[in-house]
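Here are my notes on this one, set out point by point. Have the model open next to you while you read.

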Amino acid sequence: MHCMGEMKWSTAPFHVDRNGCHVLLDAVPAWVCVQCGEAYFEGREVDFIQDVVNSIEEKKAKFALADKITFSPGNQASFYSILFYHLIFSSY
Ligand SMILES: [Zn+2]
């Protein structure tokens, strides 16, 4: 519980650790206490954070699965470059 100070609509950093993944969002819109700086995220922002975490979890699962599949040496390199391309560009 915060100190009952005035709440102002601002931004706050949000950090989450999930199974070895560390996600730090620098500025998520939130109600921030002007006295102690404690942040309260509203539904839309909580959904957004959840969406980011879920999408990372999903990509991690695909990557872990890829680790268990054996490829012939010739195909391996191209498979991984496609996977990394997907990981980087589908996040936006
Ligand atoms: Zn406070």
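1. Where is the place of M4? M4 sits in the segment before β1. Although M4 is not a glycine, its phi is positive, at about 70°. M4 is also exposed, because 9 other C-beta atoms lie within 10 Å. On the terms: a residue counts as buried with 20 or more other C-beta atoms within 10 Å of its own, as exposed with 12 or fewer, and as partly exposed in between, with C-beta atoms placed from the backbone.

2. Some ground rules before going on. Numbering starts from 1 along each chain as its sequence is written. This is a predicted model, where local features need pLDDT of at least 70, side-chain atom pairs count only at pLDDT 80 or more, and totals for chains, interfaces and linings use all residues.

3. On confidence, the chain has a mean pLDDT of 75, and 64% of its residues reach 70 or more (pLDDT is the predictor's confidence in each residue, from 0 to 100). Confidence is highest in β3, at 92, and lowest in helix α2 (residues 73–89), at a mean of 47. Over residues 75–92 the pLDDT is below 50, and beyond near neighbours in sequence this stretch has six contacts in the model. A contact here is two residues whose C-beta atoms, placed from the backbone, lie within 7 Å.

4. Now the overall layout. The chain has two helices and three strands, and along the sequence they follow the pattern β-β-β-α-α. Helices (H or I, at least four residues) and strands (E, at least two) are DSSP runs, numbered from the N terminus. Buried residues make up 2% of the 92 residues in the chain. Of the contacts with a separation of 6 or more, 48% are between residues 24 or more positions apart.

5. How is the sheet of three strands ordered? The order is β1-β2-β3, in an open sheet with antiparallel pairing. The edge strands are β1 (7–18) and β3 (39–40), each of which pairs on one side only. Pairing requires that DSSP finds at least two bridges between two strands.

6. Take the β1 side. β1 and β2 (residues 21–33) run antiparallel and are joined by 11 bridges. You can trace the register through S10, whose bridge partner in β2 is A30, then F14, which is partnered by L25, and V16, which is partnered by V23. Is β1 buried or largely in the open? Of the 12 residues of β1, the number buried is zero, so β1 lies largely in the open.

7. On the other side, β2 and β3 also run antiparallel, joined by two bridges. V32 has A39 as its bridge partner in β3. These two strands form a hairpin with five residues between them, and G37 in the turn has a positive phi of about 80°.

8. One last residue to click on is Y40, which lies in strand β3. Y40 is partly exposed, because 13 other C-beta atoms lie within 10 Å. Leaving aside neighbours within four places in sequence, Y40 is in contact with A30 and W31. A30 is also the β2 bridge partner of S10. From Y40 to M7 there are 33 residues in sequence and 8.9 Å in space, C-alpha to C-alpha.
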